[in-house]
Amino acid sequence: MVPLGTPCPDFHLTDVTSGRVISRDDMAKAPALLVMFICNHCPFVKHIRAELARLPREYAAKGLATVAICSNDPVSHPADGPGPMKQEAIDAGYTFPYLHDSEQRIARAFDAACTPDFFLYDGARRLVYRGQLDSSRPGINLPVDGADLRAAIDAVLAGRAPSPEQKPAIGCSIKWRADAVA
């Protein structure tokens, strides 16, 4: 897992819903930045889809900036291309930019490993949380409540450090292009 305190990598990616290029610095004034690596086809992401829409909406008024990035190869996984991503953002009610990482460089810069994968940065854009949304998984009878990530966001927005005890995200591996450079 990426060490806590690591600076947020810069990114400039196209939002599939608006067509605008979004960068890390567009959210420079936000006291916290959540970067989520998600995709459309992953059963783990589908399982938490409603919470992925709800959590950023609830925290936006408190100052949380959120972006989601899909870095999967759309050739091998067409459901994760820009067109289907845009439709998913509309259908799911995502209010945050959903960015397409066509060259997969941003996923590598973040050292993202799976979908979903969550990275929370404080106002200085230092990593304060990387891990799971909560303990719910497909096929397990636990509520999708975002408990782990919500606790970290609450701490950052209150000016405290989140607990250093963080559980790694579990999901589908990012689908790397055959010609991607490591």
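How many bridges join strand S3 (residues 32–37) to S7, and in which sense do the two run, parallel or antiparallel? Select both strands: six bridges join S3 to S7, and the two run antiparallel, where strands are DSSP runs of E with at least two residues, helices are runs of H or I with at least four, and both are numbered from the N terminus. Two strands count as paired if DSSP finds at least two bridges between them.

Before going further, note that this is a predicted model, in which local features need pLDDT of at least 70 and side-chain atom pairs count only at pLDDT 80 or more, while totals for chains, interfaces and linings use all residues. Residues are numbered from 1 along each chain as its sequence is written, and side-chain values use heavy atoms, with hydrogens and water left out.

**The sheet**

Stay on S7 (residues 117–122), where five of the six residues are buried, so the strand is largely enclosed by the rest of the structure; buried means under 20% relative accessible area, exposed over 50% and partly exposed in between, for a 1.4 Å probe and protein chains only. On the S3 side, Asp122 of S7 is the bridge partner of Ala32. Next select strand S8 (residues 127–131), which pairs with S7 in the antiparallel sense over four bridges; here Phe119 stands opposite Arg130, and Leu120 stands opposite Tyr129.

Now display the whole open sheet, whose seven strands follow the order S2-S1-S5-S4-S3-S7-S8 with mixed pairing. S2 and S8 stand at the edges with a single partner strand each, so one side of each is left without a neighbour in the sheet. From one strand to the next the twist averages 30°, with axes taken as lines fitted to C-alpha atoms, for helices over the stretch in contact, and angles running from 0 to 180 degrees between N-to-C directions.

Move to strand S1 (residues 12–15), which three bridges join to strand S2 (residues 21–23) in an antiparallel arrangement, and which two bridges join, also antiparallel, to strand S5 (residues 98–100). Thr14 is a useful residue to label, since Thr14 stands opposite Val21 in S2 and has His100 as its bridge partner in S5.

**Turns and loops**

Between S1 and S2, which form a hairpin with five residues between them, select Gly19, whose phi is positive at about 80°. The hairpin of S7 and S8 has four residues between the strands, and there Arg125 takes a positive phi near 60°; Arg125 is buried, with a relative accessible area of 9%. Then go to Gln104, in the loop between S5 and helix H3 (105–110), where phi is near 65°, a positive value in a residue other than glycine. Gln104 counts as buried at 1% relative accessibility. Finally, centre on Pro116, in the loop between strand S6 (114–115) and S7, which a cis peptide bond with omega about 0° joins to Thr115.

**The helices**

Select helix H1 (residues 43–60) and helix H4 (residues 147–157), whose axes come within 12 Å and cross at roughly 15°. The two are therefore roughly parallel to each other, a label for angles under 35 degrees, whereas those over 145 count as roughly antiparallel, 65 to 115 as roughly perpendicular and the rest as oblique. Among the residues that make the contact (heavy atoms within 4.5 Å) are Arg54 and Leu55 of H1 and Ile153 and Asp154 of H4. H4 also lies across S3, S4, S7 and S8, running at about 10° to S7.
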